[in-house]
Amino acid sequence: MTVELSLAVNGVTIRTDYFVQGFIDHTLSGMVEALEGTGKIRDLDLAIDEDEVTVNLNGAAVPVNTFASKIIKGTTVGMVSVLKGVKDTKKVNITLRK
């Protein structure tokens, strides 16, 4: 399966290799598919702006409670904060297309 992934941190595009793309894909897919009312991912847009987490799955907004929001933010920030070129993680935008 081919996955298109784009990642931006604080408005700066971060280049990712095959391993990082797969890792982010599998981790985010697992978290999002575990949320109530979601299904298989075709298109995913995930945005983190400070403490606000927004999930758009297959063209529809997915409500995210405080607990899930904290898990998604903590996991996502943990993954991207160690990548080359990332210094601060106030805003993170990830797009997945499968």
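## Charges and buried threonines

At 52% relative accessibility, Glu52 counts as exposed, since the bar for that label is over 50%. This is a predicted model, so keep that in mind for what follows. Glu52 sits in strand S4, which covers residues 52–57. Glu52 also belongs to a negative surface patch, where its partners are Asp49, Glu50 and Asp88.

Now for the pairs. Side chains of opposite charge can pair when their charged atoms come close. The count here comes to four salt bridges. Three of them are laid out below.

| Acidic residue | Basic residue | N to O distance |
|---|---|---|
| Asp25 | Lys98 | 2.9 Å |
| Asp43 | Arg97 | 3.6 Å |
| Asp51 | Lys73 | 2.8 Å |

Let's start with Lys98 and Asp25, whose side chains meet at 2.9 Å, N to O. Asp25 is part of helix H1 (residues 18–34), while Lys98 lies in the segment after S6, so this bridge ties together parts that are 73 residues apart in sequence. Is Asp25 buried or exposed? Asp25 is buried, because its relative accessible area is 6% and the label applies to anything under 20%. Lys98, for its part, counts as partly exposed, with 34% relative accessibility.

Next up is the salt bridge between Asp43 and Arg97, at 3.6 Å from N to O. Here the link runs between two strands: Asp43 lies in S3 (residues 43–49) and Arg97 in S6, so parts that are 54 residues apart in sequence get tied together. Both ends count as partly exposed, Asp43 at 30% relative accessibility and Arg97 at 28%.

Then there's Asp51 with Lys73, where the closest N and O atoms are 2.8 Å apart. Asp51 lies in the loop between S3 and S4 and Lys73 in helix H2, so the pair connects parts that are 22 residues apart in sequence. Asp51 counts as exposed, at 64% relative accessibility, whereas Lys73 is partly exposed, with a relative accessible area of 24%. Which residues do salt bridges with shared partners join into one network? They are Asp43, Asp45 and Arg97.

On to the threonines. Helix H2 (residues 66–80) holds Thr76, and Thr76 is buried, with a relative accessible area of 0%. What does Thr76 touch, once residues up to four places away in sequence are set aside? The list is Leu28, Met31, Leu46, Ile48, Val92 and Ile94. Leu28 and Met31 fall within the residue range of helix H1 (18–34), and Leu46 and Ile48 fall within that of strand S3 (43–49). Val92 and Ile94, in turn, fall within the range of strand S6 (91–97).

Thr89 has a different kind of address: the loop between H2 and strand S6. Being in a loop doesn't leave Thr89 out in the open, though; Thr89 is buried, with a relative accessible area of 17%, and the cut-off is under 20%. Leaving aside neighbours within four places in sequence, Thr89 is in contact with Val9, Asn10, Val77, Val80 and Ser81. Of these, Val77 and Val80 carry numbers inside the range of helix H2 (residues 66–80). Ile48, one of the residues that Thr76 touches, turns up again here: the C-alpha atoms of Thr89 and Ile48 are separated by 8.8 Å, with the two residues 41 apart along the chain.

How values were computed: Residues numbered from 1 in each chain as written. Predicted model: local features only at pLDDT ≥ 70, side-chain atom pairs only at ≥ 80, totals over all residues. Heavy atoms only, no water. Helix = DSSP H or I, 4+ residues; strand = E, 2+ residues; numbered from the N terminus. Buried < 20%, exposed > 50% of the residue type's maximum accessible area, 1.4 Å probe, protein only. Contact = heavy atoms within 4.5 Å. Patch = residues over 30% accessible without salt bridge, like charges linked within 9 Å, V, L, I, M, F, W, Y side chains within 5 Å. Areas by Shrake-Rupley, 256 points an atom, 1.4 Å probe, with all protein chains shown as cover. Lys, Arg positive; Asp, Glu negative; His and termini not counted. Charge placed at Lys NZ, Arg CZ, Asp CG, Glu CD.
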